[in-house]
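Colleague: I'm new to reading models like this one. Please choose one spot, look at it closely with me, and then connect it to the rest of the chain.

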Amino acid sequence: MVYQLKLKVLWVKNILGLGIDQQIIKQQYPLTIYYFWPRTEAWEQLKSELDSKSWLKKEEKIKILNLASDIMNHWRQYRDVDSVESVKNKFLEASFIDTKS
């Protein structure tokens, strides 16, 4: 069975929500809950959840965690100036949810 992991991002000025879905064919299924950074150690929580799922390929885990790191760093630096629309164009591999906040 072919699957792909998809990072879902809730981009808000004061908080960043990160969750992972597993996409099988054209269906997406939640693999993790949303973790909210910087309130929690979202990256560590995502890593822990991915590590607990033995059927996932190591390469997929690394790829999605690297993407989460890149988005977290970008959010930290540009959250006050970048709109979610411009961020979507920079990180095409992720799905962004805009809250207009």
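**A close look at Asp82**

Modeller: Asp82 sits in the loop that links helix H2 (58–78) to helix H3 (84–90). Those labels come from DSSP runs numbered from the N terminus, where a helix is H or I over at least four residues and a strand is E over at least two. Before we go on, please keep in mind that this is a predicted model: local features need pLDDT of at least 70, side-chain atom pairs count only at pLDDT 80 or more, and totals for chains, interfaces and linings use all residues. Residues are numbered from 1 along each chain as its sequence is written, and side-chain values use heavy atoms, with hydrogens and water left out.

Is Asp82 buried or exposed? Asp82 counts as buried, because its relative accessibility is 15% (buried means under 20% relative accessible area, exposed over 50%, and partly exposed in between, using a 1.4 Å probe and protein chains only). Leaving out residues up to four places away in sequence, Asp82 touches Trp11, His74, Val87 and Lys90; a contact here means heavy atoms within 4.5 Å. With Lys90, the side chain of Asp82 also makes a polar contact of 2.9 Å. That term stands for a pair of N or O atoms within 3.5 Å; within protein, one must be able to donate a hydrogen and the other to accept it, and residues adjacent in sequence count only if both atoms are side-chain atoms.

Now let's step back to the whole chain. The protein has three helices and five strands, and along the sequence they run β-β-β-β-α-α-α-β. Its radius of gyration is 13 Å, close to the 13 Å that the globule rule gives for 101 residues, so the protein is as compact as a globular protein of that length. (The radius is taken over C-alpha atoms, and the rule is 2.2 Å times the number of residues to the power 0.38.) Along its principal axes, the C-alpha trace spans about 40 × 25 × 20 Å. Of the 101 residues, 42% count as buried. Among contacts with a separation of 6 or more, 47% are between residues 24 or more positions apart.

Strand S1 (residues 3–11) makes a good next stop, and Lys6 is in it. Lys6 counts as buried because its relative accessible area is 15%. Beyond residues up to four places away, Lys6 touches a long list, including Gly19, Gln28, Ile64 and Ser95. Ile64 is 58 residues from Lys6 in sequence, yet their C-alpha atoms are 7.4 Å apart. Glu93 is another partner of Lys6: the backbone oxygen of Glu93 lies 3.2 Å from a polar atom of the Lys6 side chain.

Leu5 is in strand S1 too, and it counts as buried because its relative accessibility is 4%. Beyond four places in sequence, the contacts of Leu5 include Ile20, Leu31, Leu50, Leu56 and Ile64.

We can cross from Lys6 to Gln28, which is in strand S3 (residues 27–30). Gln28 counts as partly exposed because its relative accessibility is 33%. Outside its neighbours within four places, Gln28 is in contact with Lys6, Lys8, Asp21, Gln22 and Gln23. With Gln23, the Gln28 side chain forms a polar contact of 3.4 Å, side chain to side chain.

Two loops follow S2 and S3. Thr32 is in the loop between S3 and S4, and Thr32 counts as buried because its relative accessible area is 10%. A polar atom of the Thr32 side chain lies 2.9 Å from the backbone nitrogen of Ile20. Apart from its neighbours within four places, Thr32 also contacts Gly19, Leu46 and Glu49, among others.

Ile25 is in the loop between strand S2 (16–24) and S3, and it counts as exposed because its relative accessibility is 73%.

Backbone angles are worth a look as well. Most residues other than glycine have a negative phi, and most peptide bonds are trans. The phi of Ile25, however, is positive, near 55 degrees. The peptide bond from Trp37 to Pro38 is cis, with omega near 15 degrees, and Pro38 lies in the loop between strand S4 (35–37) and helix H1 (42–51).
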